[in-house]
Amino acid sequence: MRLVQLVTLLAISPAVAMAQVAADSLTDSTRVQLTTVRVTAARSTAVAGGASAVVVRTDELRSSPAPLLDEALRESPFVLVRENSRGQAEISVRGSDSRQVAVMLDGLPLTLGWDHRTDPSLIPITGSSTITVVRGLGSLLNGPNAIGGVIEVRHDAPTTNDAWIGGSVDGSGALVTTVGGAGVLAPSLSIEGGLGVRDRAGVPLPGSAPDPTAHDGLRTNSDLHHADGFAALRWRGALGRSLGLTVTAFNAERGVPPEELEPSPRLWRYPYDSRYVVGLSAASGIIATPFGTASVDASVGVNAGAMRIDMYTDRTYTTVNESEEGNERDVTGRVHATHTLGAGTLGAAFTTSTIDYRESTSGGIANFQQKLWSAATELQWPVGGGTSLAAGVALDHSSTPRTGGRTPGQPPIDAMGWRVGASRVLSPSLLLHASASQRSRFPALRELYSGAANRFQPNPGLKPETLLGIEGGLTWHVTTPADGRAVFGFTAFRHDLRDAVVRTTVPNPSPPPTSLFRRVNRDHIESFGIEMLGSYTFGPGARAISLSGDALVQQITIRDQMAGLGAHHAENNPEQRGTLELGVPMPLALRGTINARYTGTQYCLNGSTGTEGALPARVESDVAFERWFTLKSGLFQSLRALVSVDNVADVAVYDQCGLVQPGRTFRLGFMLR
């Protein structure tokens, strides 16, 4: 499928405008529900201060009864998820690098750490209620380094007693099980908890993809054994006062599929990769002051992990020639306050994070530390006539007191940020919005100082990236005759990323391998494009016919004037992506869905030769059949049964050179609630 076909897909897909806004700003008064029927991926939008977000309900995802975050995001619009050569999943929004997108769990950042990104293929979302996808800079109050988007996983406090049991099995024998429940102990006190277990021998290899050591049709070294649990205790008092404690943890053992056709691929395994997150939050509720009303909320969290990488001599994975261990502990605190100013609202936030990392290799032990803080304020003000304005400024700071013995270290750095936005309601069904912003991202400890097991050359001279973003769009939602409901719109954006950190190759003074990767600051990366998302539903309730789609068309240009190079392609970032899904009622109260996902041409860098290669555009499709059963008595109220086939045509879709997505996968699943 080429660009012309993608444009055809867009033409028949209803679309809705999306911009960015902090999850804190989402309110019922600004929320617009994209009309859906039961058992579809529910999406809604909210607009405040000239920005909006996509909200996805996790209980209606089809990838798994207990999905990991990367599985959920692959079902979400506008988010590119891809596997890298370390076996990790990376996230990109609007052509951004994975370190420019913040991932937050109930308000606590998971991406302020050793690498300034989190691996969503390990992050469990057991028991979560929603995932909010914010594209670009939606708010300055989310803390440092959130410049390319925010993805927040939220656990809402239960209001009734609940319990669930779910499970699935696929054609390769992979098993997923989950169990959990919630209880209201008193009118103001609730408790919730759950467990999830995932076990697979590997992921299916598409028939046309090379893998000389594949076994039983599964990709080499693609097994996963993962267990997680979470618990939450929440108290809510009068006028919005609250206290909350959330604990979540996981432990995993997994393989890293090798990069096919790469002369020196990573032959790695993670014997263990574990993490726990503890968050404590408190809110003052509404406080009367001489100038109006105010509220203050505060949170503190500990995000700690430990992992080990074993590196093998060959693809039999029997002889370890080197190992690396990492122990990380990040402590983050945040205070957020709001105060009314006449008809407007003034908000302010201070976020601080201390990141400690201990790296152990055959060369010894190295200790690293980075300290980040951010102070920001924003004002939202209605000016009448359905128009609302927003503006804010931020000051961010980074220092690296411990550099693992590598000198010289990076000196302390300060960076200013700003944001302005506006929205206008033209009619009950039509909303316009626009915003502009600028903010910087500080390089992570791993980017500055780590050799990544002799794959990278450290570069302590890296400067912060600075993103200037401009966007504007509209949202239009209507009810058509004969019980039809539709949403239509789009968002246009332009990003200019200065001093972008990109990967290059340099000669290795002591091969093998013959070359090393090195991160450097390019002059800038320019991108512009449009995003579209929408739905159309015709008919009543569960018997409705639904059509939904989303698409991104963008152009990304990298310009490196310092090196005297002309424009070249962005790595591992297709410039066209889109999905189209049709849902129809079927006999026996079944509901069938079929969707197609288009991934445009993308380019990748060969680690051995340093040359650029092209990965052709691909289309893959999934089908699913599901049914809800109402249970009349007992602990559970409903049963959801699901049969699905992912990648029906067994198409080889690559995340980057030599790393292919799973082939055809048949799955049976259920969820009792």
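This passage describes strand pairing and aromatic contacts in a predicted model.

Strand β10, residues 162–170, takes part in two antiparallel pairings. With strand β11 (residues 175–186), β10 shares eight bridges. Valine 169 is placed opposite leucine 175 of β11 in this pairing. The two strands make up a hairpin in which four residues separate β10 from β11. Within the turn, glycine 173 adopts a positive phi of about 90°. The other pairing joins β10 to strand β40 (residues 665–672) through six bridges, again in the antiparallel sense. Here glycine 167 has phenylalanine 670 of β40 as its bridge partner.

A further arrangement is an open sheet of three strands, ordered β24-β28-β27, in which the pairing is mixed. Its edges are formed by β24 (456–457) and β27 (501–507), each of which pairs on one side only. The contact between β24 and strand β28 (residues 515–521) is parallel and consists of two bridges. Phenylalanine 456 faces phenylalanine 517 of β28 across this pairing.

Turning to the aromatic side chains, six aromatic pairs are counted in the model. One of the pairs is formed by tryptophan 476 and phenylalanine 488. Their ring centres are 6.4 Å apart and their planes meet at 85°. The geometry is classed as edge-to-face because the angle between the planes is over 60 degrees. Tryptophan 476 belongs to strand β25 (residues 465–480) and phenylalanine 488 to strand β26 (residues 484–498), so the contact ties together parts that lie 12 residues apart in sequence. Both rings belong to residues of intermediate accessibility: tryptophan 476 has a relative accessibility of 39% and is therefore partly exposed, and phenylalanine 488, with a relative accessible area of 44%, is likewise partly exposed. Neither residue counts as buried, because that class requires a value under 20%, and neither counts as exposed, because that class requires a value over 50%.

Ring pairs also connect Trp114, Tyr357, Phe368 and Tyr449, which together form a cluster. A contact of another kind involves arginine 254, whose charged end is positioned over the ring of tyrosine 270 at 4.3 Å from the ring centre.

Terms used
Residues are numbered from 1 along each chain as its sequence is written. This is a predicted model: local features need pLDDT of at least 70, side-chain atom pairs count only at pLDDT 80 or more; totals for chains, interfaces and linings use all residues. Side-chain values use heavy atoms; hydrogens and water are left out. Two strands pair if DSSP finds at least two bridges between them. Rings of Phe, Tyr and Trp (its six-membered ring) pair if their centres lie within 6.5 Å; planes under 30 degrees apart count as stacked, over 60 as edge-to-face and the rest as tilted. Buried means under 20% relative accessible area, exposed over 50%, partly exposed in between (1.4 Å probe, protein chains only). A charge sits over a ring if NZ of Lys or CZ of Arg is within 6 Å of the ring centre and within 35 degrees of the ring normal.
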